[in-house]
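Colleague: I am new to this structure. Could you walk me through some of its details?

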Amino acid sequence: MKPAYQKDDALLRDIEQARAMGQARLWWLGQSGFLVHASGKTILFDPYLSDSLTIKYAQTDKPHERITERVVAPNRLTGIDVITCSHNHTDHLDAETLLPLLQANPGVSLIVPRANISFVQQRLGNTEVKLVPVDAGETVQAAGNDFVGIPAAHNTVERDEGGHCRFLGYVARLNKLKIYHSGDTILHDALAPALQPLRIDVALVPINGNKPERRVAGNLNGIEAARLAFEIGARLAIPHHFDMFAFNTEPPDEFAAECRRLGQPCRVLGNGQGVELELVEARQKDL
């Protein structure tokens with residue numbers, strides 16, 4: 001198993017230092033999970049911080065063998081203002097991650113697709129939670145910041161009987177910093193047009209690809225992820241959805257190489273690694 005770049009006490013110290021210094025900073029927590037601190041708020045995108053899938057599939061023909069160690073126990077993450085869950089798959093909506101987080105962060109807002117509210121409530125049981133439903137094209141507010149729903153295709157843009165998207169990405173507007181978290185998605189006709197007007201600073205994009213032989217829904221591959229970031233004018237692209245499960249991962253080399261070819265700024269993080277977001281000041285100078 002690969003060691004995390006940073007975990008447990010070291011990671012928590014890094015987070016607290018950024019808060020104390022008022023830094024805008026982002027950490028990759030593994031799979032599609034990111035923690036962002038900016039404008040005095042802490043946002044947690046799609047956390048998966050348990051071994052629930054490894055245990056669930058241990059005796060099956062589709063084992064979810066973890067290849068990188070967990071960066072932190074969910075109950076140790078405090079001071080969280082907003083959590084997002086982009087869709088119902090367990091590595092994005094995990095009760096073993098969310099329940100300890102909700103207990104450690106009373107009053108936190110949980111942003112979920114409007115189409116999935118009943119499923120979310122069922123998965124979380126009787127836990128009291130401040131749900132913030134959103135659909136593609138809608139803007140909602142949580143903890144004083146705007147979040148925009150972006151349609152995602154995993155592997156299609158699937159809608160419920162009311163026409164609401166079951167799979168979403170999110171754009172968080174944190175003061176002048178705009179962060180796009182893709183959730184899980186492949187390319188589709190509405191994706192770039194939904195993102196281009198929002199002037200994205202940081203694009204968090206999956207790179208594990210779409211391979212039917214894995215028998216799971218797919219995502220962008222490295223080349224597609226780099227090209228999407230470039231097409232929407234992202235100031236920085238960061239890959240995710242790799243280095244978690246042995247059967248469903250890809251190395252980030254293809255993504256990094258395509259970013260270099262396009263001149264697209266990118267940063268490949270290790271699990272638990274942070275990066276300072278010095279883009280707020282750059283964006284302000286443009287306005």
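Here are a few questions and answers about the structure above.

Colleague: What kind of model is this, and how are its residues numbered?

Modeller: Happy to start there: this is a predicted model, where local features need pLDDT of at least 70, side-chain atom pairs count only at pLDDT 80 or more, and totals for chains, interfaces and linings use all residues. Side-chain values use heavy atoms, with hydrogens and water left out, and residues are numbered from 1 along each chain as its sequence is written.

Colleague: How do the rings of W28 and F242 pair: stacked or edge-to-face?

Modeller: Rings of Phe, Tyr and Trp (its six-membered ring) pair if their centres lie within 6.5 Å; planes under 30 degrees apart count as stacked, over 60 as edge-to-face and the rest as tilted. A search of the whole structure finds two aromatic pairs. For W28 and F242 the centres are 4.8 Å apart and the planes at 25 degrees, so this pair is stacked.

Colleague: How many residues apart in sequence are the parts that this pair ties together?

Modeller: Helices (H or I, at least four residues) and strands (E, at least two) are DSSP runs, numbered from the N terminus. W28 sits in strand β1 (residues 25-30), while F242 belongs to the loop between β12 (236-240) and α7 (253-262). The pair therefore links parts whose separation in sequence is 214 residues.

Colleague: Is W28 buried or exposed?

Modeller: Buried means under 20% relative accessible area, exposed over 50%, and partly exposed in between (1.4 Å probe, protein chains only). Its partner F242 has 2% and is buried. W28 has a relative accessibility of 0%, so W28 is buried.

Colleague: Which strands stand at the edges of the open sheet?

Modeller: Two strands pair if DSSP finds at least two bridges between them. Six strands form this sheet with mixed pairing, in the order β7-β8-β9-β10-β11-β12. A strand with a single partner has one side left without a neighbour in the sheet, and so the edges are β7 (139-142) and β12.

Colleague: Which residues of β7 point to one face and are buried?

Modeller: In a regular strand the side chains alternate between the two faces of the sheet. Along β7, T139 and Q141 point to one face and are not buried. Those pointing to the other face and buried are V140 and A142.

Colleague: Which residue in the turn between β7 and β8 has a positive phi?

Modeller: β7 pairs with strand β8 (residues 145-151) in the antiparallel sense over four bridges. The two strands form a hairpin with two residues between them. The residue in that turn with a positive phi, about 55 degrees, is A143.
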